[in-house]
Amino acid sequence: MKLNGQMVYLWHAVDHEGEILESYITKTRDKDAAPTFMKKAMKRHGLPEAITTDGLRSYRAAMKELGNTEKQEIGRWANNRVENSHLPFRRRERAMLRFRRMSSLQKFASVHANVHNHFNLERHLVDRQTYRERRSAALAEWQLIAS
């Protein structure tokens, strides 16, 4: 994504259900940025059973540094869940007419992930009545937290 004409990279850690666990913004997508993001995510959420990544070589170097080489999974469509988790974020970013500062982008990414996870009720998997009940429960909980 672009930030004042400069490319920055959005790193997402997503669990098996599609919930965004961690968001991180960096100016580079190299061997130094990958372990920083992975250490941050593992410190907060623990060691995963498997880590699915794309074919970027900096991931392999980071896994070697962290000692997780046997947990890395790389497949042609294996990381679709992570790629699809970027879509609501990008839609919201376009509506806000982009970002100007790295700190505001990082704050937005963190908050957006929490709100999206709270209201992401997987509409396509449940019937209408269950969806409406879950949606009103999520909204009631949100209003309780906000007040």
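Modeller: Before we look at any residue, one term is needed: two residues are in contact when heavy atoms of theirs lie within 4.5 Å. Please also keep in mind that what stands above is a predicted model.

Colleague: Which residues does Met38 touch, if I leave out those up to four places away in sequence?

Modeller: With that restriction, Met38 touches Tyr59, Ala62, Met63 and Leu66. Met38 also belongs to the largest nonpolar core, which has 13 residues, and is listed with Trp11, Ala34, Phe37 and Tyr59 as touching the most other members. The elements that contribute two or more residues to this core are strand S3 (9–14), helix H1 (33–45) and H2, and the largest share, 6 residues, comes from H1. There is also a second, separate core of 9 residues, which includes Leu3, Val8, Leu10 and Phe108.

Colleague: Perhaps I should step back to the whole chain. How many helices and strands are there in the protein chain?

Modeller: The protein chain has 5 helices and 6 strands, and, read from the N terminus, these elements follow the order β-β-β-β-α-β-α-β-α-α-α. Of its 147 residues, 35% count as buried, while the area that the chain exposes comes to about 10,000 Å², with carbon and sulfur atoms supplying 50% of it. To read how the chain folds back on itself, one can look at the contacts with a separation of 6 or more, of which 47% are between residues 24 or more positions apart.

Colleague: When I pick a single residue such as Glu22, how should I read its surroundings: is Glu22 buried or exposed?

Modeller: A residue is called buried when its relative accessible area is under 20%. Glu22, whose place is in strand S4 (residues 20–26), has a relative accessible area of 4% and is therefore buried. Apart from its neighbours within four places in sequence, Glu22 is in contact with Trp11, His12, Ala13, Phe37, Lys40, Ala41, Arg44 and His45. One of these, Phe37, is 15 residues from Glu22 in sequence, and the C-alpha atoms of the two are 8.7 Å apart in space.

Colleague: Which side chains make polar contacts with the side chain of Glu22?

Modeller: The side chain of Glu22 has a polar contact of 3.3 Å with that of Arg44, and another, of 3.4 Å, with the side chain of His45. Glu22 also forms a salt bridge with Lys40, in which the closest N and O atoms are 3.7 Å apart. This pair links distant parts of the chain, since Glu22 sits in strand S4 and Lys40 in helix H1, 18 residues apart. Lys40, at 30% relative accessibility, counts as partly exposed. Taken together, Glu22, Lys40 and Arg44 are linked in a network of salt bridges.

Colleague: How many salt bridges does the structure hold, and where else might I look for them?

Modeller: The structure holds 4 salt bridges. Among them is the one in which the side chains of Asp54 and Arg29 meet, at 2.6 Å from N to O. Here, too, distant parts of the chain are linked, with Asp54 in the loop between strand S5 (51–53) and H2, and Arg29 in the loop between S4 and H1, 25 residues apart. Arg29 counts as partly exposed, at 33% relative accessibility. Another salt bridge joins Lys39 and Glu65, with 3.7 Å between the closest N and O atoms, and this pair connects helix H1, which holds Lys39, to helix H2, which holds Glu65, across 26 residues. Lys39 is partly exposed at 45% relative accessibility, and Glu65 is partly exposed with a relative accessible area of 45%.

Colleague: Where is Asn68 found, in a helix, a strand or a loop?

Modeller: Asn68 is found in the loop between helix H2 (57–66) and strand S6 (72–74), and with a relative accessible area of 5% it counts as buried. Not counting residues up to four places away in sequence, Asn68 touches Met42, Leu47, Ile51 and Met63.

Colleague: And how do I read a helix such as H5: how far apart are its end C-alpha atoms?

Modeller: The idea is to compare an expected span, taken at 1.5 Å a residue, with the distance between the ends. For the 19 residues of helix H5 (residues 128–146) the expected span is 27 Å, and the end C-alpha atoms are 27 Å apart, so the two agree. At the N-terminal end, H5 is capped by Asp127, a side-chain oxygen of which lies 3.2 Å from the backbone nitrogen of Gln129.

Key. Residues numbered from 1 in each chain as written. Predicted model: local features only at pLDDT ≥ 70, side-chain atom pairs only at ≥ 80, totals over all residues. Heavy atoms only, no water. Helix = DSSP H or I, 4+ residues; strand = E, 2+ residues; numbered from the N terminus. Buried < 20%, exposed > 50% of the residue type's maximum accessible area, 1.4 Å probe, protein only. Areas by Shrake-Rupley, 256 points an atom, 1.4 Å probe, with all protein chains shown as cover. Polar contact = N/O pair within 3.5 Å; in protein donor to acceptor, adjacent residues only side chain to side chain. Expected span 1.5 Å × (residues − 1). Core = buried A, V, L, I, M, F, W, Y, C linked by side-chain atoms within 4.5 Å.
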